[in-house]
Amino acid sequence: MAVREGDAYWFDGASQRGYEHALPKVKLPAGGTTMGDAAGRRMIVVFRAGTPLAAAADSGDPCASLRPPDRARPRFGNLGGAYAEGHCYSRLDLVKGGGHLLKDRGVSGNKQDGADAVVVSRQDPRRGERDGLLRLRYAAARRQGAEALFQSLILKKPVRVYRSCWLGPPYGPVPDPAAPRTTYRYDGCFRVERVLGAAAAA
């Protein structure tokens, strides 16, 4: 199959199995490291599954950037009362309102700015976790937000705490049959007092 500028094709089914697609290499200008002219660059876009979507016409406008959108930055504090202490919210409520940046992680934030929020959904004594309601020991691996929590300790940044209904009373909210499967109670802002290593936490 010879692919030329502006060409597109779509196929599905058995023809995809073991299929490989490649464009021939283009000779770069003498001493050059890029193709220079953006109009001469080529790329392959293959739609393998999903609902077909047809375009009536090509606008001809070049794509400004293929760079993914910037990640949201952590927001610290009570967020101007966006979440009421003692009230329960779904995970979607937290993500949409900026209360927690991630849909499926416990620690929200990054190692540069610090952690702005944590979701408490377990108490595992084997990991040294304890919950006294007013004080909390939270375990996290390095890739699960430990560095962000350490940065909050250094920068003295407040951390919002949301407790899951899966904890059960008195630690978590009482499950509401009319509410989403998992709800999270906002328990206000805490501060990181210290960070322990794995041996000290045991």
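This is a short talk on the strands, the cysteines, two unusual backbone angles, one aspartate and a surface patch in the structure above. Please keep in mind throughout that we are looking at a predicted model.

Let me begin with strand β3, which covers residues 114-120 and is mostly covered itself, seven of its seven residues being buried. On one side of the pairing we have strand β2, residues 107-110, which runs antiparallel to β3 and is joined to it over four bridges. If you want a pair of residues to look for in the viewer, Gly 109 stands opposite Ala 115 in β3. The two strands β2 and β3 make a hairpin, and three residues lie between them. Strand β3 also pairs with strand β6, residues 159-164, again through four bridges, but here the two strands run parallel. For that pairing, the residues to look for are Ala 117 and, opposite it in β6, Arg 160.

From β6 I would like to move to Asp 131, which sits in strand β4, residues 130-131. Is Asp 131 buried or exposed? With a relative accessible area of 8%, Asp 131 falls under the 20% cut-off and therefore counts as buried. Its side chain has two partners that I want to point out: the backbone nitrogen of Leu 133, which the side chain of Asp 131 reaches at 2.8 Å, and the side chain of Arg 163, with which Asp 131 makes a polar contact of 2.8 Å.

Next come the cysteines, where one may ask how many disulfides the model contains. The count comes to zero, and the distances explain the result for the pair Cys 88 and Cys 165. The closest cysteine sulfur to that of Cys 88 belongs to Cys 165 and is 8.0 Å away, which is too far for a bond because a disulfide requires the two sulfur atoms to be within 2.5 Å. Seen from the other end, the sulfur of Cys 165 has that of Cys 88 as its closest cysteine sulfur, at 8.0 Å. As for their surroundings, Cys 88 is partly exposed, with a relative accessible area of 40%, whereas Cys 165 is buried, at 7% relative accessibility.

I turn now to the backbone, and to two residues that have a positive phi although neither is a glycine: Leu 79, at about 55 degrees, and Lys 156, at about 60 degrees. Leu 79 belongs to the segment before β1 and is buried, its relative accessible area being 14%. Lys 156, by contrast, counts as exposed, at 73% relative accessibility, and it lies in the loop between α2 and β6.

That loop brings me to helix α2, residues 146-155, and to one of its residues, Ile 154. Why does Ile 154 count as partly exposed? Its relative accessibility is 48%, so it lies between the 20% limit for buried residues and the 50% limit for exposed ones. Ile 154 is also one of the members of a nonpolar patch on the surface, together with Phe 150, Leu 155 and Val 195, and the accessible area of these residues together is about 340 Å².

To close, I would ask you to keep two points in mind when you turn the model around: strand β3 pairs with β2 in the antiparallel sense and with β6 in the parallel one, and the buried Asp 131 makes a side-chain polar contact with Arg 163.

Definitions and conventions:
Residues are numbered from 1 along each chain as its sequence is written. This is a predicted model: local features need pLDDT of at least 70, side-chain atom pairs count only at pLDDT 80 or more; totals for chains, interfaces and linings use all residues. Side-chain values use heavy atoms; hydrogens and water are left out. Patches are made of residues with over 30% relative accessible area and no salt bridge: like charges are joined within 9 Å, nonpolar side chains (Val, Leu, Ile, Met, Phe, Trp, Tyr) within 5 Å. Accessible areas come from the Shrake-Rupley method with a 1.4 Å probe; for residues, only the protein chains shown count as cover. A salt bridge is a side-chain nitrogen of Lys or Arg within 4 Å of a carboxyl oxygen of Asp or Glu. Buried means under 20% relative accessible area, exposed over 50%, partly exposed in between (1.4 Å probe, protein chains only). Two strands pair if DSSP finds at least two bridges between them. A polar contact is a pair of N or O atoms within 3.5 Å; within protein, one must be able to donate a hydrogen and the other to accept it, and residues adjacent in sequence count only if both atoms are side-chain atoms.
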